[in-house]
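Student: I would like to go through this model with you. Please keep to what can be read from the coordinates.

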Amino acid sequence: MKNNLIGLLAALILLGACKSDNNEFEISGEYAKGVFIVNEGPFQNGTGTLSFYDRQKKTVTHDIFATANTRPLGNIVQSMEVFTNQAYMVVNNAGKVEIADAGTLKSTGVITGLKMPRYFLGISSEKALVSEWGDNGVNGAVKIVNLNTKQVTATIPTGKGAERMVKIDNTVWVANSGGFSTDNTVSIIDLATEKETAKITVADNPSGIVHDLNGRVWVLCKGRKVYNADWSINAAASTAPALVRINSATRAVDFRLDFPSKTASAGNLTCNGNRTTLYFSYGGKVYAMANTATALPANALINRSFYGLGYDPTENLIYGADAGNFSAQGKVIRYNTSGVAVDSVQAGIVPNGFCFR
Amino acid sequence: VPLLPREGLSQADKPEDLPSSCCVRTFGKKGGGWRLKTGRRHTCAAVALLLSPFRQFGSEPIYGYFLIKLLMLKSIGFIACMWWCACTAQAQDTTRVIAEVTVEAARLKNFTSGQHLQVLDSNLLADGSRNLADILSKNTTVFIKSYGLGSLATPSFRGTGSSHTAVLWNGFNLQNSMNGTADLALITPFLLDEATLLAGASSALFGSGAVGGSIHLNSRPRFARQPLSGSVGLSAGSFGYLGQHGAFRISKRKWETALKFFRHTANNNFTFRNLAEYGAPVQRQQNAALAQWGLSQDAYFRPNERQLLAVRLLHQNSRRQISPSMTTDASQARQSDQATRLAAEWNRSGPKNEQTVRAAFFDEKLDYQDPKVSLTSHSRTKTLFVEAENLYRWGKLQFNSGGHFARYVAQSRNYRQGNSEQTRMAVFQSVKVQNRSQTVVAVVNVRQELYGSRLAPICPSVGLEYLFGRHWVVKGQLARSFRLPTFNDLYWQPGGNPTLKAENGWNAENTWQWQQKSDKQDIDIRITAYTSQVNNWIIWLPTGNFWSPANIARVWARGLESHWRYGYRLAANHQLAVSSAWNVVRSTNKNRTDAEGYNRQLIYTPIWQGNARAEWSWKNWTLAPEGQWTGKRFYTSDNRMSLPAFGIYHLSVQYRYKHKRYSAQVNARAENLFNTGYQLIAWRPMPGRNYSVQLTVGF
């Protein structure tokens, strides 16, 4: 069973968010401004937690959801988004999205009936999308949720292991990461008809997707890892990770940049506030790349491996989540854009991502 | 009539002490001429009675299923043969005058001086509906980590880990060679005759795994005065629990055969408040059903006063659904476990020497399926044991010398081929010396084990016992202990580390005991201070792409354990007994490389825990309230997260009826009287108030 666990852990890599604030909703409370650290928690029996970093005081408060509600979030907190004035925590292994007031973290509801949900994307005050891996981790789909009734209203099958989503005009692009299997497509969903209208072939197992300032969609593909009997990677049968750029208007692939090693892992695609620089992990290091670049960067920005990566547009700092031994508290290390470590703070168990407010 | 001793050597030394609801005998039939016919009639009637519940309660044609399973075992011939022998032998013997052959478990009874032996009350074993985890959690200071009603349950003895308690069946270790643990929820002590707890390290006697303590499950012949005895029982309880159990024994001058079986099914669909969900809804436990059955067949042959041959079969079959935790979505996982264990033992005792040769073969299968994550896992282990020992008495000295051989084979898709076999060999030697009045006893034991081509740490132990005054016993031991890496630790792909060393530890303990016995009352108070250390403790750590085990942890456990008991006899048929046991333990991580966990309490190790029981017997009635208290348990290695302390209370009532050699007994039991919500493993709900009744008929 352990190998499966490891596979899942490796697959549960979160990508930092590039989102716009919704200013029409006022958020007040102790957690209105700051950085939420999403700690997915130990696998199987435990519960994930949220830690909150106060930028002014430079202090961390742990377990804020449990403190506000005297109950845990649930097993494997995959991601968190703040939309309107609500915080949405996607709890993967509990098949639910917990909803709380974004300022106080007081629970306001729950969306249930999801199968291995991954990410939340708010569309309007009534509508949101949740990507999910589905039954057996292969029947990937996007669920449409009515935010007033907190009920699922429609299921749109996409590809295997529906993962990160990005909204472009009246469409949503979904990276089909393969789940427990393999996929190599990005699905495009039309929000008006609530149907998948196109599928773009990229490289194997696309996990991260970013829409840059110039209208290009960058898709980071993990590649396919094939293992030998002794669990070493069979390089001949594997495919290398790749970064694919797509023209969002024509939906044509501009180019595909293959990483040199088939055995190294790539993930954690995120971008800076004005969407001009991409950040991602590859081979246990963090790289930065301008959105105008047409080749992969030669040198790493940070020589450290992270379980999750984020970019704080408020202070222009890169956040790296170090999950440590996966059973005790992890660490978050903050870097400036030159890759120099600024400081570090403690996280909860298995930090995997951030939500910047 | 003694006041139902709950523990102590006195009871173990009475070979005829039968569980009251298991076999009820009438004495005074010395030489009673039971004819072949009588025996057979009884057997047939009993079998018919036995099988009827299978048809009645089963959700499937259980009767056929039961028989097919038996045939598959190919053991029916064996069982039939044993019974045929016993029945035909019956005609010849009419008297039983041969003295008891009392040569068994020599190491456990003779060479553990300095340590505390707790023999579990035979009444506990007589209940076919209870598993070992349930019995230990309510009656001893062993902490049981249970994932829910009937789910995986592992012990923590004196603050050690789940694989640091050896569980031995008639001298053979039941700890799974793949994962190192014994699932106590799968062991039904009803199938055995005696369960003994040995606290503290005893690797010098019993080898790998006996670090925090060991549990000894033994069956033994009675060669009782009554040629045919037996019982059948039916039980029913909350959450769809239904159980049947039976025991039959034919006891002859030279032969004895005993068959026991149980079967139970349960839905375990109790309700609980899910504190992890929005609005804390009351939910019904889902995917928690189980169906289990097992049987034991023991046959003994005593050709003369000096020799005893025993052949034993133990088979258990379990199918369980794996319930979800409070923090996860619905579960579809299920697990099935099958274990067949066959053992033979030959013993010859002379005035000076006593030889024992024993051998066993285990075949265990485990299938686990979780459709939600497309996971199917099959594993199978086969083990062969051969052991020989000789006890030599020379004046006040006793020497026990022996050798042990075991061959382990494991099959799993997760192992590299050809790497899942291991041969273990060991030599052991014990010396015991005592003074003439037996008030001073000293033992020295040593064991050296070889696994594969590597030597386990040489394991010595020294024990001392001193009886003084009229009431005092003071004893202590200093012992080394070890635990070998499991097949998973060594060979799991990916991560398995074939270079792992054995864990090794030291244990020192000191016990003061005060006992007083009179016609009216008996008092037994014991307090033990202990300290133990485990070095090279194996833990799995992430190493890049996968997790891998390393000899990295060090744990220091120290604590105080106390037991006390008070019995008072108001009249011949009216007595009262109160008993209680407590354990306080600090078990801390001494691994400096683990900054977050250093000096913190081990997870799922309560700092304090205790239980108390009162038993009031009047005429045919017994009323017994029980309480069980457990302190705070941390469930993260940095001790930030913990489960709160809790206390739960139970009440049982028993009514016994006896007519000539027949008896009937009704037990009613209410557990968790105050409907307390608690968890033993974080976010694994445990049942609230629940009831069970049991009817047992003995003859």
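The questions below deal with the fold of chain B, its cores, its charged pairs and its contact with chain A.

Student: How many helices and strands are there in chain B?
Tutor: This is a predicted model. Chain B has 699 residues, of which 59% are buried. Of its contacts between residues at least 6 apart in sequence, 64% join residues at least 24 apart. The count for chain B is nine helices and 34 strands.

Student: Which helix gives the most to the largest nonpolar core?
Tutor: The core in question has 52 residues, and those touching the most other members are B:Leu120, B:Leu136, B:Val167, B:Trp169, B:Leu184 and B:Leu217. With four residues in this core, the top contributor is helix 7 (residues 132–139) of chain B.

Student: Which residues does B:Trp169 contact beyond its neighbours within four places in sequence?
Tutor: B:Trp169 is one of the core residues that touch the most other members. Its contacts outside that sequence window include B:Arg312 and B:Arg341. The others are B:Leu174, B:Leu192, B:Leu217, B:Leu314, B:Leu342, B:Ala343 and B:Phe362.

Student: How many residues of helix 7 of chain B are buried?
Tutor: The buried residues of helix 7 include B:Leu132, B:Ala133, B:Ile135 and B:Leu136. B:Ser137, B:Lys138 and B:Asn139 are also on the buried list. Helix 7 is thus mostly covered, and the number buried, out of eight, is seven.

Student: What is the N to O distance in the salt bridge of B:Lys138 and B:Asp134?
Tutor: Both B:Lys138 and B:Asp134 lie in helix 7 of chain B, four residues apart, about one turn of the helix. B:Lys138 counts as buried because its relative accessible area is 8%, and the limit is 20%. The two residues also belong to a network of salt bridges that includes B:Arg130 and B:Arg613. The distance between B:Lys138 and B:Asp134 is 2.4 Å.

Student: Why does the salt bridge of B:Arg220 with B:Glu194 tie together separate parts of the sequence?
Tutor: The closest N and O atoms of B:Arg220 and B:Glu194 are 2.8 Å apart. B:Arg220 is buried at a relative accessible area of 7%, and B:Glu194 is buried at 8%. B:Arg220 lies in the loop between strand 7 (213–218) and strand 8 (228–237) of chain B and B:Glu194 in strand 6 (residues 194–199), so the parts tied together are 26 residues apart in sequence.

Student: Is B:Asp363, which meets B:Arg380 in a salt bridge, buried or exposed?
Tutor: The side chains of B:Arg380 and B:Asp363 come to 2.7 Å, N to O. The pair links strand 17, which holds B:Arg380, to strand 16 (residues 353–370), which holds B:Asp363. B:Arg380 is partly exposed at 26% relative accessibility. B:Asp363 has 16% relative accessibility, which is under the 20% limit, so B:Asp363 counts as buried.

Student: Which side chains make polar contacts with the side chain of B:Glu389?
Tutor: B:Glu389 is in strand 17 (residues 375–394) of chain B. B:Glu389 counts as buried because its relative accessibility is 8%. One polar contact, of 2.8 Å, goes to B:Asn400. Another, of 2.9 Å, goes to B:Arg358.

Student: What side chain is in polar contact with the side chain of B:Glu509?
Tutor: B:Glu509 lies in strand 24 (residues 503–517) of chain B and is buried at 5% relative accessibility. Among the residues it touches are B:His116, B:Lys475 and B:Tyr530. The polar contact, at 3.0 Å, is with B:Arg158.

Student: What area do chain B and chain A bury between them?
Tutor: The contact takes 37 residues from chain B and 43 residues from chain A. Of the buried area, 55% is on carbon and sulfur atoms. The total is about 3,300 Å².

Student: Which residues form the salt bridge across the interface of chain B and chain A?
Tutor: The interface has seven residue pairs in polar contact at pLDDT 80 or more. One salt bridge is found across it. At 3.2 Å, N to O, the partners are B:Glu277 and A:Lys96.

Technical notes: Residues numbered from 1 in each chain as written. Chains lettered and ligands numbered in written order. Predicted model: local features only at pLDDT ≥ 70, side-chain atom pairs only at ≥ 80, totals over all residues. Heavy atoms only, no water. Core = buried A, V, L, I, M, F, W, Y, C linked by side-chain atoms within 4.5 Å. Buried < 20%, exposed > 50% of the residue type's maximum accessible area, 1.4 Å probe, protein only. Helix = DSSP H or I, 4+ residues; strand = E, 2+ residues; numbered from the N terminus. Contact = heavy atoms within 4.5 Å. Buried area = accessible area lost by both parts, 1.4 Å probe. Salt bridge = Lys/Arg side-chain N within 4 Å of Asp/Glu carboxyl O. Polar contact = N/O pair within 3.5 Å; in protein donor to acceptor, adjacent residues only side chain to side chain.
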